[in-house]
Amino acid sequence: MKVFIEKDFCTSCGVCYDTFTNVFIEGEEGISEIKPELKNKDLEDSLLKEAISAAEECPAGAIVVK
Ligand code: SF4
């Protein structure tokens with residue numbers, strides 16, 4: 001499974017890149033980004049768990065795991 005960010009929905013709250021630092025980084029103007037090496041990659045279990053937790057905690061529903 002892979003993780004994606006719907007950047008149009010991201011409100012730059014920082015929850016994902018402050019908490020789930022193995023997957024997310026702060027991008028321009030605080031918009032979240034996936035770490036470059038993980039973009040469009042199937043995530044190993046520990047990273048997948050972080051991505052799913054972030055998706056659950058993102059107040060904007062901007063993180064999609066599929
Ligand atoms: S938790 Fe959601 S709204 Fe907040 S920075 Fe991350 S993607 Fe954006």
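The largest cavity of this predicted model encloses about 120 Å³ of space. How many cavities of 30 Å³ or more does the structure hold? The count is one. Eighteen is the number to keep in mind for its wall: 18 residues line the largest cavity, and Cys10, Cys13, Cys16, Cys58 and Ile63 are the ones that lie nearest its centre. Two elements, H1 and helix H2 (45-57), each give two or more residues to this lining. Of these, H1 gives the most, with three residues. In chemical terms, the lining of the largest cavity is made up of 13 nonpolar residues, four polar ones and one charged one.

Where, then, does the ligand sit? Helpfully for anyone following the cavity, the ligand is found in the largest cavity. Around the ligand stand Cys10, Thr11, Cys13 and Gly14, followed along the chain by Val15, Cys16, Tyr17 and Ser32, and finally by Cys58, Ala60, Ala62 and Ile63. Helix H1 (residues 15-19) provides the largest share of this shell, three residues. Sorted by character, the shell around the ligand contains nine nonpolar and three polar residues, with no charged residue. The one charged residue in the lining of the largest cavity therefore has no counterpart in the ligand shell, given that a residue belongs to the shell if one of its heavy atoms lies within 4 Å of the ligand and that no charged residue is found there.

Attention can now turn to the packing of the protein itself. The largest nonpolar core comprises 18 residues, and Val3, Phe24, Leu43 and Ile63 have the most contacts inside it. Strand E1 (3-5), H1 and H2 each contribute at least two residues to this core, and H2 supplies the largest share, four residues. Ile63 is a pleasant link between the three descriptions: this residue is among those with the most contacts inside the core, among those nearest the centre of the largest cavity, and one of the residues surrounding the ligand.

A last point concerns Glu6, which is located in the loop between E1 and H1. Is Glu6 buried, partly exposed or exposed? Glu6 counts as partly exposed because its relative accessibility is 40%, a value that falls between the limits of under 20% for buried and over 50% for exposed. Glu6 also takes part in a long-range pairing of positions: Glu6 and Val64 are separated by 58 residues in sequence, and their C-alpha atoms are 7.5 Å apart in space.

Terms used
Residues numbered from 1 in each chain as written. Predicted model: local features only at pLDDT ≥ 70, side-chain atom pairs only at ≥ 80, totals over all residues. Heavy atoms only, no water. 1 Å grid on protein atoms, 1.4 Å probe; cavity = no way out; pocket = protein on both sides within 12 Å on 5 of 7 lines; lining within 4 Å. Sits in = over half its atoms within 2 Å of the grid points. Nonpolar A, V, L, I, M, F, W, Y, C, P; charged D, E, K, R; others polar. Points joined across faces, edges and corners; volume = space filled by probe spheres on them. Core = buried A, V, L, I, M, F, W, Y, C linked by side-chain atoms within 4.5 Å. Buried < 20%, exposed > 50% of the residue type's maximum accessible area, 1.4 Å probe, protein only.
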